[in-house]
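Biologist: Please take a close look at the salt bridges here. Which residues pair up, and how exposed are they?

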Amino acid sequence: MNIDTIKKEFPIFDEKIQNNDLVYLDSANSSQKPKVVIDRINEFYTKQFSNVGRSVHYLAVAATNLYENTRTSVQRYINAKDKNEIVFTKGATEALNLVANTLGQNYLQEGDEILITELEHHSNYVPWHFLRKSKNIKINFAEIKILRLLTLDQATV
Ligand SMILES: Cc1ncc(COP(=O)(O)O)c(C=O)c1O
């Protein structure tokens with residue numbers, strides 16, 4: 001894997017940010033997009049845009065087929081048993097809320113425990129926090145020991 005070759009696929013790295021090269025470390029949420037993704041989104045909005053699963057005119061059926069074919073591609077890519085296991089969401093926050101409010105709401109019972117880490121972003125804490133209140137469950141936080149090595153007083157440079 002050549003990092004420079006991969007980086008060239010992302011047009012944003014051609015930009016200077018306040019005269020500096022961009023270093024982007026926030027990919028757990030809104031990740032930067034490679035050109036192939038930007039081009040495909042542009043093509044869809046330019047030539048194919050319609051809603052999915054809600055209309056029967058030509059563009060809507062075509063968009064629905066593209067969407068469902070993508071679900072099948074993702075199923076194959078991650079080796080899921082059934083394409084209906086693939087659920088697209090806008091991002092991590094929506095996905096985690098969906099899991100908490102469906103699986104969590106249906107299967108968790110009083111006294112059950114949820115295990116997350118003490119390093120969790122609030123998108124993976126808030127949905128469980130609300131379930132903790134409504135279902136009387138417990139949240140356990142796994143310690144991230146490696147972080148202790150990174151405290152300033154212990155850092156060696
Ligand atoms: C580390 C981390 N995880 C998850 C999220 C939530 O991601 P999304 O914006 O996809 O809901 C964020 C958003 O800021 C984040 O920084």
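Modeller: What follows goes through the salt bridges one pair at a time. The model is predicted, and a search of the whole structure finds six salt bridges. Side chains of opposite charge can pair when their charged atoms come close.

Take K35 and D39, which form a salt bridge whose closest N and O atoms are 2.7 Å apart. Both residues lie in helix α2, which covers residues 35-48. They are separated by about one helical turn because they are four residues apart in that helix. K35 is partly exposed, with a relative accessible area of 45%. D39 is also partly exposed, at 38%.

Another salt bridge joins R71 to E68, with 2.8 Å between the closest N and O atoms. This pair sits in helix α3, residues 58-78. R71 and E68 are three residues apart there, so about one helical turn separates them. R71 has a relative accessible area of 12%, and because buried means under 20%, R71 counts as buried. E68 is partly exposed, with a relative accessible area of 23%.

The pair R71 and E68 does not stand alone: together with K83, these residues are linked in a network of salt bridges.

K90 and E94 form a further salt bridge, and their closest N and O atoms are 3.5 Å apart. K90 has 77% relative accessibility; exposed means over 50%, so K90 counts as exposed. E94, at 35% relative accessibility, counts as partly exposed.

Note on methods. Residues numbered from 1 in each chain as written. Predicted model: local features only at pLDDT ≥ 70, side-chain atom pairs only at ≥ 80, totals over all residues. Heavy atoms only, no water. Salt bridge = Lys/Arg side-chain N within 4 Å of Asp/Glu carboxyl O. Helix = DSSP H or I, 4+ residues; strand = E, 2+ residues; numbered from the N terminus. Buried < 20%, exposed > 50% of the residue type's maximum accessible area, 1.4 Å probe, protein only.
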